[in-house]
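Visitor: I would like to go through this structure by asking about its rings and strands.

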Amino acid sequence: MKFGIITHAIHKVKGGKVYAYEPYVREMNLWAKYVDEIIILAPISNEKITNLEIAYHHPKIKVVHIPSFDIISFNNTLKSLLVIPKICWSIYKVMQQVTHIHLRCPGNIGLLGCLVQVVFPLKPKTAKYAGNWDPQSKQPVTYRFQKWLLANTFLTKKMKVLVYGDWPQQTKNIVSFFTASYHKQEIEEVSFKDLSVQVRLIYVGGLTVGKQPLLSIKTTHELILKGHNIRLDIYGDGVMRNEIENYIKLHQLENNVFLHGNQPKNIVKEAYKQSHFLLFISKSEGWPKVVAEAMFWRCLPISSKVSCVPYMLDYGNRGSLVESNVSKEELVKIIIKYINNENNYQKKVLSAQKWSQGFTLNSFEQEIKNVLIDE
(Lines give C-alpha, C1' and ligand atoms only; values in the text may rest on other atoms or scores of the structure.)
Protein backbone atom coordinates (compact mmCIF):
# COMPACT_ATOMS: atom_id res chain seq x y z
CA MET A 1 0.00 0.00 0.00
CA LYS A 2 1.28 3.44 -0.97
CA PHE A 3 0.02 5.77 1.77
CA GLY A 4 -0.42 9.49 1.07
CA ILE A 5 -0.60 11.91 4.02
CA ILE A 6 -2.00 15.40 3.37
CA THR A 7 -1.24 17.59 6.39
CA HIS A 8 -0.59 21.15 7.56
CA ALA A 9 1.87 19.92 10.23
CA ILE A 10 5.33 21.44 9.85
CA HIS A 11 7.95 18.82 8.90
CA LYS A 12 11.73 18.91 9.05
CA VAL A 13 14.22 16.76 7.13
CA LYS A 14 17.65 16.05 8.55
CA GLY A 15 20.14 13.24 8.01
CA GLY A 16 17.76 11.33 5.78
CA LYS A 17 15.06 11.31 8.48
CA VAL A 18 11.74 13.15 8.61
CA TYR A 19 10.73 14.89 11.85
CA ALA A 20 7.53 16.51 13.10
CA TYR A 21 5.59 17.15 16.32
CA GLU A 22 6.03 14.14 18.62
CA PRO A 23 2.39 13.19 19.43
CA TYR A 24 1.47 13.40 15.74
CA VAL A 25 4.46 11.34 14.57
CA ARG A 26 3.94 8.78 17.32
CA GLU A 27 0.47 8.17 15.90
CA MET A 28 1.61 8.17 12.28
CA ASN A 29 4.27 5.58 13.08
CA LEU A 30 1.44 3.22 14.03
CA TRP A 31 -0.21 3.75 10.64
CA ALA A 32 3.20 3.32 9.00
CA LYS A 33 3.50 -0.27 10.27
CA TYR A 34 0.81 -1.38 7.83
CA VAL A 35 1.88 0.42 4.65
CA ASP A 36 4.66 -0.21 2.14
CA GLU A 37 5.47 3.36 1.19
CA ILE A 38 4.63 6.83 2.52
CA ILE A 39 4.33 10.13 0.65
CA ILE A 40 3.83 13.14 2.91
CA LEU A 41 2.58 16.43 1.49
CA ALA A 42 3.35 19.13 4.05
CA PRO A 43 5.13 22.45 4.71
CA ILE A 44 8.86 21.99 5.45
CA SER A 45 10.90 24.07 7.88
CA ASN A 46 14.68 24.42 7.98
CA GLU A 47 14.68 25.39 11.64
CA LYS A 48 16.47 23.35 14.30
CA ILE A 49 14.75 20.17 15.48
CA THR A 50 13.38 20.63 19.00
CA ASN A 51 12.88 18.16 21.86
CA LEU A 52 9.15 18.14 21.00
CA GLU A 53 9.83 16.55 17.60
CA ILE A 54 10.67 12.96 16.67
CA ALA A 55 11.34 11.04 13.46
CA TYR A 56 9.07 8.79 11.43
CA HIS A 57 10.02 5.11 11.46
CA HIS A 58 9.67 3.79 7.93
CA PRO A 59 12.23 2.61 5.33
CA LYS A 60 10.49 4.21 2.35
CA ILE A 61 9.26 7.74 2.96
CA LYS A 62 9.13 10.84 0.77
CA VAL A 63 8.12 14.43 1.56
CA VAL A 64 6.53 16.73 -1.00
CA HIS A 65 7.10 20.33 0.07
CA ILE A 66 4.29 22.89 -0.16
CA PRO A 67 4.17 26.46 1.17
CA SER A 68 2.12 27.11 4.30
CA PHE A 69 -0.51 29.84 4.16
CA ASP A 70 -3.24 31.49 6.19
CA ILE A 71 -6.14 33.85 5.60
CA ILE A 72 -5.94 35.71 8.90
CA SER A 73 -5.10 39.10 7.35
CA PHE A 74 -6.05 40.73 4.06
CA ASN A 75 -2.45 40.66 2.76
CA ASN A 76 -2.08 36.98 3.67
CA THR A 77 -5.36 36.22 1.93
CA LEU A 78 -4.07 37.83 -1.27
CA LYS A 79 -0.83 35.82 -1.03
CA SER A 80 -2.78 32.62 -0.43
CA LEU A 81 -4.73 33.14 -3.66
CA LEU A 82 -1.42 32.85 -5.49
CA VAL A 83 -0.24 29.64 -3.81
CA ILE A 84 -3.53 27.73 -3.41
CA PRO A 85 -3.77 26.59 -7.09
CA LYS A 86 -0.19 25.28 -6.92
CA ILE A 87 -0.89 23.46 -3.62
CA CYS A 88 -4.07 21.91 -5.03
CA TRP A 89 -2.13 20.65 -8.05
CA SER A 90 0.49 19.13 -5.73
CA ILE A 91 -2.26 17.47 -3.67
CA TYR A 92 -3.83 16.10 -6.85
CA LYS A 93 -0.53 14.60 -8.02
CA VAL A 94 0.09 12.93 -4.65
CA MET A 95 -3.44 11.54 -4.53
CA GLN A 96 -2.99 10.23 -8.05
CA GLN A 97 0.18 8.31 -7.05
CA VAL A 98 -1.00 6.69 -3.81
CA THR A 99 -3.35 3.79 -3.14
CA HIS A 100 -4.72 5.22 0.12
CA ILE A 101 -5.37 8.90 0.86
CA HIS A 102 -5.07 10.08 4.47
CA LEU A 103 -6.18 13.63 5.37
CA ARG A 104 -5.27 15.42 8.61
CA CYS A 105 -8.03 17.86 9.50
CA PRO A 106 -8.99 20.52 10.38
CA GLY A 107 -6.55 22.92 8.79
CA ASN A 108 -5.92 24.89 5.61
CA ILE A 109 -4.15 22.02 3.85
CA GLY A 110 -6.76 19.55 5.10
CA LEU A 111 -9.46 21.81 3.65
CA LEU A 112 -7.82 21.75 0.22
CA GLY A 113 -7.37 18.00 0.55
CA CYS A 114 -11.09 17.63 1.29
CA LEU A 115 -11.87 19.44 -1.96
CA VAL A 116 -9.38 17.59 -4.16
CA GLN A 117 -10.30 14.12 -2.88
CA VAL A 118 -13.75 14.53 -4.45
CA VAL A 119 -12.23 13.70 -7.87
CA PHE A 120 -10.98 10.35 -6.55
CA PRO A 121 -14.29 8.63 -5.68
CA LEU A 122 -12.92 5.08 -6.10
CA LYS A 123 -9.77 5.47 -4.01
CA PRO A 124 -9.85 4.35 -0.33
CA LYS A 125 -9.47 7.27 2.09
CA THR A 126 -9.31 8.13 5.76
CA ALA A 127 -9.50 11.49 7.47
CA LYS A 128 -8.40 12.09 11.04
CA TYR A 129 -10.43 15.05 12.30
CA ALA A 130 -8.41 16.11 15.32
CA GLY A 131 -10.64 19.07 16.17
CA ASN A 132 -13.99 19.40 17.90
CA TRP A 133 -16.64 17.40 16.03
CA ASP A 134 -19.48 18.59 18.29
CA PRO A 135 -22.26 19.65 15.85
CA GLN A 136 -23.49 22.29 18.30
CA SER A 137 -20.17 24.05 18.87
CA LYS A 138 -19.38 27.46 17.40
CA GLN A 139 -16.49 27.13 14.97
CA PRO A 140 -14.88 29.03 12.08
CA VAL A 141 -16.67 28.69 8.77
CA THR A 142 -13.70 26.82 7.25
CA TYR A 143 -13.96 24.17 9.99
CA ARG A 144 -17.72 23.83 9.53
CA PHE A 145 -17.23 23.45 5.77
CA GLN A 146 -14.63 20.70 6.24
CA LYS A 147 -16.97 18.83 8.57
CA TRP A 148 -19.86 19.17 6.13
CA LEU A 149 -17.80 17.99 3.17
CA LEU A 150 -16.27 15.03 5.02
CA ALA A 151 -19.71 13.89 6.19
CA ASN A 152 -21.29 14.32 2.76
CA THR A 153 -21.38 10.77 1.41
CA PHE A 154 -22.43 11.98 -2.06
CA LEU A 155 -19.30 14.10 -2.57
CA THR A 156 -16.95 12.13 -0.32
CA LYS A 157 -16.74 8.48 -1.39
CA LYS A 158 -14.90 5.55 0.23
CA MET A 159 -13.92 7.71 3.19
CA LYS A 160 -13.77 6.84 6.89
CA VAL A 161 -13.75 9.98 9.01
CA LEU A 162 -12.24 9.35 12.43
CA VAL A 163 -13.67 11.76 15.02
CA TYR A 164 -13.38 12.21 18.77
CA GLY A 165 -16.51 11.43 20.75
CA ASP A 166 -19.76 9.63 20.03
CA TRP A 167 -22.22 12.02 18.38
CA PRO A 168 -25.86 11.30 17.41
CA GLN A 169 -27.29 11.34 13.90
CA GLN A 170 -24.01 11.02 11.99
CA THR A 171 -23.56 9.73 8.46
CA LYS A 172 -22.34 6.15 8.02
CA ASN A 173 -18.76 7.16 7.22
CA ILE A 174 -18.21 8.87 10.61
CA VAL A 175 -16.24 6.61 12.96
CA SER A 176 -15.87 7.33 16.68
CA PHE A 177 -12.16 7.18 17.51
CA PHE A 178 -9.66 8.04 20.23
CA THR A 179 -5.96 8.76 20.78
CA ALA A 180 -3.69 6.97 23.23
CA SER A 181 -0.41 7.91 24.90
CA TYR A 182 0.72 4.78 26.74
CA HIS A 183 1.21 1.08 26.05
CA LYS A 184 -0.60 -1.58 28.04
CA GLN A 185 2.71 -2.75 29.50
CA GLU A 186 3.26 0.74 30.95
CA ILE A 187 0.32 0.33 33.33
CA GLU A 188 1.57 0.30 36.90
CA GLU A 189 0.26 0.79 40.41
CA VAL A 190 -0.03 4.43 41.41
CA SER A 191 0.43 5.29 45.07
CA PHE A 192 -2.60 6.33 47.11
CA LYS A 193 -3.07 10.09 46.87
CA ASP A 194 -3.92 11.65 50.21
CA LEU A 195 -5.79 14.97 50.15
CA SER A 196 -5.06 15.68 53.83
CA VAL A 197 -1.46 16.66 53.02
CA GLN A 198 -0.31 19.06 50.29
CA VAL A 199 -2.77 19.08 47.39
CA ARG A 200 -0.93 19.08 44.07
CA LEU A 201 -2.46 20.57 40.94
CA ILE A 202 -1.06 20.22 37.44
CA TYR A 203 -1.55 22.10 34.19
CA VAL A 204 -0.22 20.62 30.92
CA GLY A 205 -0.55 22.52 27.67
CA GLY A 206 0.40 25.61 25.75
CA LEU A 207 0.68 28.88 27.64
CA THR A 208 -1.84 30.56 25.36
CA VAL A 209 -4.99 32.61 25.86
CA GLY A 210 -7.24 29.81 24.60
CA LYS A 211 -5.88 27.32 27.14
CA GLN A 212 -6.31 29.78 30.06
CA PRO A 213 -3.29 28.75 32.16
CA LEU A 214 -3.52 31.93 34.23
CA LEU A 215 -6.91 30.78 35.51
CA SER A 216 -5.22 27.72 37.04
CA ILE A 217 -2.65 29.97 38.73
CA LYS A 218 -5.30 32.37 40.06
CA THR A 219 -7.25 29.40 41.42
CA THR A 220 -4.12 28.16 43.19
CA HIS A 221 -3.52 31.64 44.60
CA GLU A 222 -7.07 31.85 45.93
CA LEU A 223 -6.78 28.43 47.61
CA ILE A 224 -3.54 29.53 49.30
CA LEU A 225 -5.22 32.71 50.56
CA LYS A 226 -7.92 30.51 52.10
CA GLY A 227 -5.24 28.62 54.04
CA HIS A 228 -4.86 25.47 51.94
CA ASN A 229 -1.52 23.80 51.28
CA ILE A 230 -1.43 23.84 47.47
CA ARG A 231 1.19 23.33 44.79
CA LEU A 232 0.72 23.89 41.05
CA ASP A 233 3.11 22.46 38.44
CA ILE A 234 2.87 23.88 34.92
CA TYR A 235 4.21 21.97 31.92
CA GLY A 236 4.26 23.77 28.59
CA ASP A 237 5.37 27.01 27.03
CA GLY A 238 3.94 29.82 24.96
CA VAL A 239 3.27 33.50 24.47
CA MET A 240 1.82 34.00 27.96
CA ARG A 241 4.96 32.90 29.81
CA ASN A 242 6.14 36.43 30.66
CA GLU A 243 2.69 37.42 31.93
CA ILE A 244 2.55 34.28 34.05
CA GLU A 245 6.05 34.83 35.46
CA ASN A 246 5.10 38.39 36.39
CA TYR A 247 1.94 37.22 38.17
CA ILE A 248 3.90 34.61 40.14
CA LYS A 249 6.50 37.19 41.16
CA LEU A 250 3.95 39.91 41.99
CA HIS A 251 1.98 37.62 44.31
CA GLN A 252 5.04 35.83 45.75
CA LEU A 253 3.97 32.39 44.57
CA GLU A 254 7.48 31.12 43.80
CA ASN A 255 7.18 28.41 46.47
CA ASN A 256 3.80 27.21 45.22
CA VAL A 257 3.70 27.59 41.43
CA PHE A 258 6.45 26.04 39.30
CA LEU A 259 7.01 26.57 35.58
CA HIS A 260 8.74 23.56 34.01
CA GLY A 261 8.42 24.50 30.32
CA ASN A 262 8.15 21.81 27.65
CA GLN A 263 9.30 18.46 29.00
CA PRO A 264 9.61 14.92 27.58
CA LYS A 265 6.74 12.49 27.94
CA ASN A 266 8.37 10.51 30.78
CA ILE A 267 8.87 13.64 32.92
CA VAL A 268 5.25 14.69 32.49
CA LYS A 269 4.13 11.13 33.27
CA GLU A 270 5.89 11.24 36.65
CA ALA A 271 4.27 14.61 37.35
CA TYR A 272 0.79 13.18 36.71
CA LYS A 273 1.55 10.37 39.17
CA GLN A 274 2.36 12.91 41.88
CA SER A 275 -0.63 15.19 41.23
CA HIS A 276 -4.15 15.08 42.65
CA PHE A 277 -5.96 17.26 40.09
CA LEU A 278 -5.51 18.36 36.50
CA LEU A 279 -6.79 21.92 35.96
CA PHE A 280 -7.50 22.23 32.25
CA ILE A 281 -10.03 24.92 31.34
CA SER A 282 -9.45 25.15 27.60
CA LYS A 283 -11.81 27.02 25.29
CA SER A 284 -11.48 24.55 22.40
CA GLU A 285 -10.17 20.99 21.97
CA GLY A 286 -10.32 17.91 19.80
CA TRP A 287 -9.28 14.92 21.86
CA PRO A 288 -7.61 16.56 24.89
CA LYS A 289 -4.91 13.97 25.41
CA VAL A 290 -3.75 15.61 28.65
CA VAL A 291 -7.15 14.81 30.19
CA ALA A 292 -6.87 11.14 29.21
CA GLU A 293 -3.23 11.05 30.35
CA ALA A 294 -4.04 12.52 33.75
CA MET A 295 -6.83 9.99 34.27
CA PHE A 296 -4.44 7.17 33.34
CA TRP A 297 -2.26 8.08 36.35
CA ARG A 298 -5.06 8.61 38.87
CA CYS A 299 -5.03 12.41 38.53
CA LEU A 300 -8.60 13.73 38.53
CA PRO A 301 -9.48 16.22 35.75
CA ILE A 302 -11.34 19.44 36.36
CA SER A 303 -12.00 20.45 32.77
CA SER A 304 -14.19 22.60 30.57
CA LYS A 305 -17.13 21.11 28.66
CA VAL A 306 -15.49 21.24 25.24
CA SER A 307 -15.57 18.67 22.46
CA CYS A 308 -15.77 15.10 23.82
CA VAL A 309 -14.64 15.95 27.38
CA PRO A 310 -18.14 15.36 28.85
CA TYR A 311 -18.08 11.88 27.25
CA MET A 312 -14.56 11.22 28.59
CA LEU A 313 -15.52 12.26 32.12
CA ASP A 314 -18.84 10.38 31.94
CA TYR A 315 -20.69 13.66 32.44
CA GLY A 316 -19.11 14.28 35.83
CA ASN A 317 -18.65 10.76 37.20
CA ARG A 318 -14.94 10.64 36.31
CA GLY A 319 -14.05 14.23 37.16
CA SER A 320 -15.62 17.69 37.23
CA LEU A 321 -17.01 19.57 34.25
CA VAL A 322 -17.19 23.37 34.12
CA GLU A 323 -17.94 26.04 31.55
CA SER A 324 -14.93 27.55 29.77
CA ASN A 325 -15.79 30.93 31.33
CA VAL A 326 -15.81 29.51 34.87
CA SER A 327 -14.58 31.80 37.64
CA LYS A 328 -11.64 31.05 39.92
CA GLU A 329 -14.10 31.14 42.85
CA GLU A 330 -16.12 28.29 41.36
CA LEU A 331 -12.99 26.23 40.76
CA VAL A 332 -11.91 26.84 44.35
CA LYS A 333 -15.30 25.58 45.60
CA ILE A 334 -14.96 22.39 43.53
CA ILE A 335 -11.48 21.60 44.89
CA ILE A 336 -12.42 22.38 48.49
CA LYS A 337 -15.47 20.13 48.13
CA TYR A 338 -13.21 17.25 47.11
CA ILE A 339 -10.83 17.99 49.99
CA ASN A 340 -13.75 17.83 52.41
CA ASN A 341 -15.15 14.64 50.85
CA GLU A 342 -12.15 12.47 50.08
CA ASN A 343 -14.27 9.34 49.56
CA ASN A 344 -15.92 11.02 46.58
CA TYR A 345 -12.50 11.98 45.20
CA GLN A 346 -11.12 8.45 45.54
CA LYS A 347 -14.21 6.93 43.92
CA LYS A 348 -14.05 9.25 40.93
CA VAL A 349 -10.30 9.07 40.41
CA LEU A 350 -10.33 5.25 40.39
CA SER A 351 -13.19 5.26 37.90
CA ALA A 352 -11.25 7.72 35.74
CA GLN A 353 -8.13 5.57 35.84
CA LYS A 354 -10.01 2.40 34.94
CA TRP A 355 -11.67 4.07 31.93
CA SER A 356 -8.49 5.71 30.60
CA GLN A 357 -6.40 2.54 30.91
CA GLY A 358 -8.81 0.89 28.48
CA PHE A 359 -7.42 3.16 25.75
CA THR A 360 -3.81 2.07 25.26
CA LEU A 361 -1.51 2.35 22.27
CA ASN A 362 -1.99 -1.40 21.85
CA SER A 363 -5.74 -1.04 21.31
CA PHE A 364 -5.20 2.15 19.31
CA GLU A 365 -2.88 0.35 16.91
CA GLN A 366 -5.38 -2.48 16.50
CA GLU A 367 -8.11 0.03 15.61
CA ILE A 368 -5.83 1.68 13.04
CA LYS A 369 -5.06 -1.73 11.55
CA ASN A 370 -8.78 -2.50 11.35
CA VAL A 371 -9.44 0.79 9.54
CA LEU A 372 -6.74 0.12 6.95
CA ILE A 373 -7.55 -3.53 6.38
CA ASP A 374 -11.34 -3.10 6.20
CA GLU A 375 -11.42 -1.12 2.96
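Visitor: Are Y182 and W297 buried or exposed?
Guide: This is a predicted model. A residue counts as buried when its relative accessible area is under 20%. Y182 and W297 both fall in that class: they are buried.

Visitor: How many residues apart are Y182 and W297?
Guide: Their rings form an edge-to-face aromatic pair, with 5.3 Å centre to centre and 75° between the planes. Y182 is in the loop between strand 10 and strand 11, and W297 is in the loop between helix 8 and strand 15. The pair links distant parts of the chain, and the separation is 115 residues.

Visitor: Which residue lies over the face of W297?
Guide: A charge sits over a ring if, among other conditions, NZ of Lys is within 6 Å of the ring centre. Here the distance from the ring centre is 5.4 Å, and the residue is K273.

Visitor: Which strands stand at the edges of the sheet with the order 2-3-5?
Guide: Three strands form this open sheet, and the pairing is antiparallel. An edge strand has a single partner strand, so one side of it is left without a neighbour in the sheet. That applies to strand 2 (12-14) and strand 5 (53-55).

Visitor: What is the bridge partner of A20 in strand 5?
Guide: Strand 3, residues 17-21, pairs with strand 5 in the antiparallel sense over three bridges. In strand 5, the partner of A20 is I54.

Visitor: At what angle to strand 3 does helix 1 run?
Guide: Helix 1 covers residues 22-32. The helix lies across strand 3 and strand 5, and its angle to strand 3 is about 125°.

Conventions. Residues numbered from 1 in each chain as written. Predicted model: local features only at pLDDT ≥ 70, side-chain atom pairs only at ≥ 80, totals over all residues. Heavy atoms only, no water. Phe/Tyr/Trp six-rings, centres within 6.5 Å; stacked < 30°, edge-to-face > 60°. Helix = DSSP H or I, 4+ residues; strand = E, 2+ residues; numbered from the N terminus. Buried < 20%, exposed > 50% of the residue type's maximum accessible area, 1.4 Å probe, protein only. Lys NZ or Arg CZ within 6 Å of the ring centre and 35° of its normal. Pairing = 2+ DSSP bridges. Contact = heavy atoms within 4.5 Å. Axes fitted to C-alpha atoms, helices over the stretch in contact; angles between N-to-C directions.
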